[in-house]
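Trainee: Please take one part of this predicted model and look at it closely with me, beginning where a stretch of regular structure ends. I would then like to see how the rest of the picture connects to it.

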Amino acid sequence: MKSPATSPSAAANNIRAAALMVASQAAFAVNDALVKLSSGSIETAQIMALRGVMTTTLLVALALWFGALLPIRHAFHPAVMCRALADIATTIAYISALRHMPLANTTAIFQALPLTITLLAAIFLREQVGWRRWCAIATGFLGVLVIVRPDSEGFNIYAVWVVLSVLAAAVRDLVTRAMPSSIPSLHVACITAGAVCLTGFAWLPVAGWQPMTGSLWAMLAVAAVAVGVGYVLIVLAVRMGDMSFVAPFRYTVLLSAFVLGIVIFAEIPQPSALLGSAIVVASGAYMIRRETRRGIKTAAEAEVP
């Protein structure tokens with residue numbers, strides 16, 4: 001008799017989940033491309049404010065549909081507030097870098113996030129990290145350096161902004177672990193999106209308001225929908241398939257970013273960016289594989305009387 005993991009229905013679910021994950025990453029890449037395109041005309045604060053209104057509205061509608069919207073008092077839970085602050089920092093740093101750097105480079109550096117989460121968890125949460133995973137972390141950050149090229153004339157401060165956005169996102173995801181399971185993910189997403197939106201409006205008097213054209217409204221609207229669609233698809237993918245099979249497909253965002261960078265911005269990837277991206281992806285995929293094996297081993301040991 002076949003095990004569930006190898007049954008035809010499980011294999012079919014994994015394939016569908018992988019397709020959903022690829023689609024979600026393409027949606028996130030579309031969002032990044034449109035934000036980068038609009039950042040040539042308006043400031044980061046204006047993007048955060050206007051896209052935030054649309055994204056928050058969409059997420060609130062989804063939360064209401066799924067019955068995941070809780071009373072507003074849950075927004076003041078310390079973990080939820082810390083996560084919102086970390087996401088605000090992530091958004092500011094990432095968008096600020098995105099407007100000045102090639103789309104593919106920015107996306108590739110951000111793929112060091114899983115490695116950074118493991119690093120911070122080992123340092124601050126005292127999680128056990130074996131020598132293999134330490135090697136994967138070091139190799140992944142080497143890949144980031146290959147992309148950034150700190151000794152080249154092409155290096156600029158905005159590469160540092162991407163790295164800071166990765167650090168803030170890692171803090172955000174680690175804080176998420178501390179949240180009570182009773183607070184739905186969609187509710188947290190609504191709070192976070194609303195906080196980013198309000199920050200954009202608060203920053204507007206300093207950054208200044210630029211006139212909005214029809215094309216800018218359209219780009220931000222599509223970007224907001226892309227974020228919402230990406231969020232829904234990634235949740236569906238994780239719930240449908242095996243994590244060990246589905247998770248590596250997150251890295252297909254790089255392929256979408258490369259294609260969009262070439263088509264929209266005429267950005268031809270440099271060999272160093274391609275090499276660095278390959279190193280980061282290989283390190284991250286190995287990390288995911290190790291984490292999955294450790295999880296299976298731990299679960300098996302827990303079942304032994």
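Mentor: Let us begin with Gly67, which comes just after helix H2 and takes a positive phi of about 65°. The helix that precedes this glycine covers residues 44–65, and with its 22 residues it reaches 31 Å from its first C-alpha to its last, close to the 32 Å expected at 1.5 Å a residue. That end-to-end value should be read together with the local geometry, for H2 has a kink of about 30° centred on Gly52.

Helix H5 offers a useful parallel, since there too a residue with positive phi follows the helix: Arg126, with a value near 60°. H5 runs over residues 113–124, and its 12 residues reach 16 Å from first C-alpha to last, close to the 16 Å expected at 1.5 Å a residue. Its buried residues are Leu113, Leu115, Thr116, Ile117, Thr118, Leu120, Ala121 and Ala122. When reading such a list, keep in mind that an α-helix has 3.6 residues a turn, so residues three or four places apart point the same way.

Elsewhere, nonpolar side chains lie on the surface, where Leu37, Leu255, Val259, Ile262, Val263, Ile264 and Ile268 make a patch of about 640 Å². Helix H11, residues 253–265, gives the most to this patch, with 5 residues. Leu37, by contrast, belongs to helix H1, residues 8–38, and it can take part in the patch because its relative accessible area of 35% passes the requirement of over 30%.

A contact across the sequence is also worth noting: Arg132 and Tyr286 are 154 residues apart in sequence, yet 9.3 Å apart in space, C-alpha to C-alpha. Arg132 lies in helix H6, residues 131–148, and counts as partly exposed at 38% relative accessibility.

Finally, the cysteines deserve a careful word, since the count comes to 0 disulfides under a rule that asks for sulfur atoms within 2.5 Å. The sulfur of Cys82 is 19 Å from the closest cysteine sulfur, that of Cys190, and therefore too far for a bond. For Cys197 the closest cysteine sulfur is likewise in Cys190, at 12 Å, which is also too far for a bond. The surroundings of these two cysteines contrast: Cys82 counts as partly exposed at 42% relative accessibility, whereas Cys197 counts as buried at 8%.

Technical notes. Residues are numbered from 1 along each chain as its sequence is written. This is a predicted model: local features need pLDDT of at least 70, side-chain atom pairs count only at pLDDT 80 or more; totals for chains, interfaces and linings use all residues. Side-chain values use heavy atoms; hydrogens and water are left out. Buried means under 20% relative accessible area, exposed over 50%, partly exposed in between (1.4 Å probe, protein chains only). Patches are made of residues with over 30% relative accessible area and no salt bridge: like charges are joined within 9 Å, nonpolar side chains (Val, Leu, Ile, Met, Phe, Trp, Tyr) within 5 Å. Accessible areas come from the Shrake-Rupley method with a 1.4 Å probe; for residues, only the protein chains shown count as cover. A salt bridge is a side-chain nitrogen of Lys or Arg within 4 Å of a carboxyl oxygen of Asp or Glu. Helices (H or I, at least four residues) and strands (E, at least two) are DSSP runs, numbered from the N terminus. The expected span of a helix is 1.5 Å times one less than its number of residues. The bend at a residue is the angle between axes fitted to the seven residues ending there and the seven starting there.
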